[in-house]
Structure formats: C-alpha cells, structure tokens
Amino acid sequence: QVQLVESGGGSVQPGGSLRLSCEASGGTFDAYYMAWFRQGPGKEREGVACISFGGSHTDYANSVQGRFTISRDNDKNTLFLQMTTLKPEDTAVYYCAQRSYRYGGMCRATSFEAGVWGQGTQVTVSL
C-alpha cells in the first residue's frame, strides 16, 4: 500500500506563491493518476487538480484555473502543486491523493475517485 506525505505548506500574503510536494512510497506511483484536494474551514473537501500517469493530461477546478499547476516527477515518486496569485479563499488544508484504480482515459478534478490520501499540509493566505 502506498503512503503519501505532503510538504511545502505555510503562511503567505495574498498574491504570493507556494509550491506543495507529495512524496509517495511503497507503491507503483507511475501507474496511477494523482490529484490534489483541499478543505477550507467550514467547507467540504473539494478536488483542485488531477494529472495522468505520464503528466501529459491535467484538469483543474474553475476556482484555481490559470493560477495553479499540477505536475509530477515519476523518477522521484513526487507530485507537485505550484500555486501562484494566492487568495485568502485558497486557505485550506491541502491533500494529495491517489486514484482508486489504475490509469486510463481522462481525469476530472471535481470528480476524481481517490483511494489513498495523505495527511495534508496547511496553507494560510492572509495579511
């Protein structure tokens, strides 16, 4: 079973940038689509972005389109989320996730079927 560990969260001012990382171990990382989710205070957990096994296909939630970029380095078993032009509404715990089934077709960030979750990393955007 794969283990996922997020890092890179912290506090940043509006308009700033952060890069989140998710290191996977104990599984066949490159055989699965991956995704980032987030859960803000008092909100439901929502899908933010997803990526195919080779990184060629990605999808984003409308709220982050054009500001966030998901990528992966399969040689290092690591998933990334580059976040720019951050807004207070982006404040949340961010989780990486592995798809519940092996890769195939396209993924949609808002309907991603996650099977394994990391512990999450806090992102706070405020003055």
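The legends below accompany several views of one predicted model of a protein chain.

**View 1. The whole protein chain, made of 11 strands and 0 helices.** Read along the sequence, the secondary structure follows the pattern β-β-β-β-β-β-β-β-β-β-β. The C-alpha trace spans about 40 × 25 × 25 Å along its principal axes, and the radius of gyration of the chain is 13 Å, which agrees with the value near 14 Å that a compact globule of 127 residues would have. Of these 127 residues, 45% count as buried, while the accessible surface comes to about 6,500 Å², with 45% of that area belonging to carbon and sulfur atoms. Among the contacts with a separation of 6 or more, 60% are between residues 24 or more positions apart.

**View 2. An open sheet of 4 strands, in the order E1-E3-E8-E7.** The pairing in this sheet is antiparallel, and its edge strands are E1 (3-7) and E7, each of which pairs on one side only. From one strand to the next, the twist averages 15 degrees. Where E1 meets E3, the antiparallel pairing extends over 5 bridges, and a reader who wishes to locate it may begin at Val-5, whose bridge partner in E3 is Glu-23.

**View 3. Strand E11 (residues 121-125) and the strands that pair with it.** Strand E2 (residues 10-12) pairs with E11 in the parallel sense over 3 bridges, and in that pairing Gly-10 stands opposite Val-123 of E11. Strand E9 (residues 92-99), by contrast, runs antiparallel to E11 and is joined to it by 3 bridges, with Val-93 standing opposite Gln-122. The two faces of E11 can also be told apart, since Thr-121, Val-123 and Val-125 make up the covered face, whereas Gln-122 and Thr-124 make up the uncovered one.

**View 4. The largest nonpolar core, a set of 28 residues.** In soluble globular proteins, nonpolar side chains tend to be buried together. In this core, the residues with the most contacts inside it are Trp-36, Leu-79, Leu-81, Met-83 and Tyr-94. Two or more residues come from each of the strands E3 (18-25), E4 (34-39), E5 (46-51), E7 (68-73), E8 (78-83), E9 and E11, and E3 gives the most, with 4 residues. When residues up to four places away in sequence are not counted, Leu-79 touches Leu-20, Ser-21, Cys-22, Phe-29, Met-34, Ala-35, Trp-36, Ile-51, Ile-70, Ser-71, Arg-72 and Cys-96.

**View 5. A second, separate core of 7 residues, with Ala-97 as one of its members.** Ala-35, Phe-37 and Cys-50 are also included in this core. Ala-97 lies in strand E9 and has a relative accessible area of 0%, so it is classed as buried, the cut-off for that class being under 20%. Although Ala-97 and Phe-37 are 60 residues apart in sequence, their C-alpha atoms are 7.4 Å apart in space. Leaving aside neighbours within four places in sequence, Ala-97 is in contact with Leu-4, Tyr-33, Met-34, Ala-35, Phe-37, Phe-112, Ala-114, Val-116 and Trp-117.

Note on methods. Residues are numbered from 1 along each chain as its sequence is written. This is a predicted model: local features need pLDDT of at least 70, side-chain atom pairs count only at pLDDT 80 or more; totals for chains, interfaces and linings use all residues. Side-chain values use heavy atoms; hydrogens and water are left out. Buried means under 20% relative accessible area, exposed over 50%, partly exposed in between (1.4 Å probe, protein chains only). Two strands pair if DSSP finds at least two bridges between them. A nonpolar core is a set of buried Ala, Val, Leu, Ile, Met, Phe, Trp, Tyr and Cys residues joined through side-chain atoms within 4.5 Å. Contact means heavy atoms within 4.5 Å. Axes are lines fitted to C-alpha atoms, for helices over the stretch in contact, and angles run from 0 to 180 degrees between N-to-C directions. The radius of gyration is taken over C-alpha atoms; the globule rule is 2.2 Å times the number of residues to the power 0.38. Accessible areas come from the Shrake-Rupley method with a 1.4 Å probe; for residues, only the protein chains shown count as cover.
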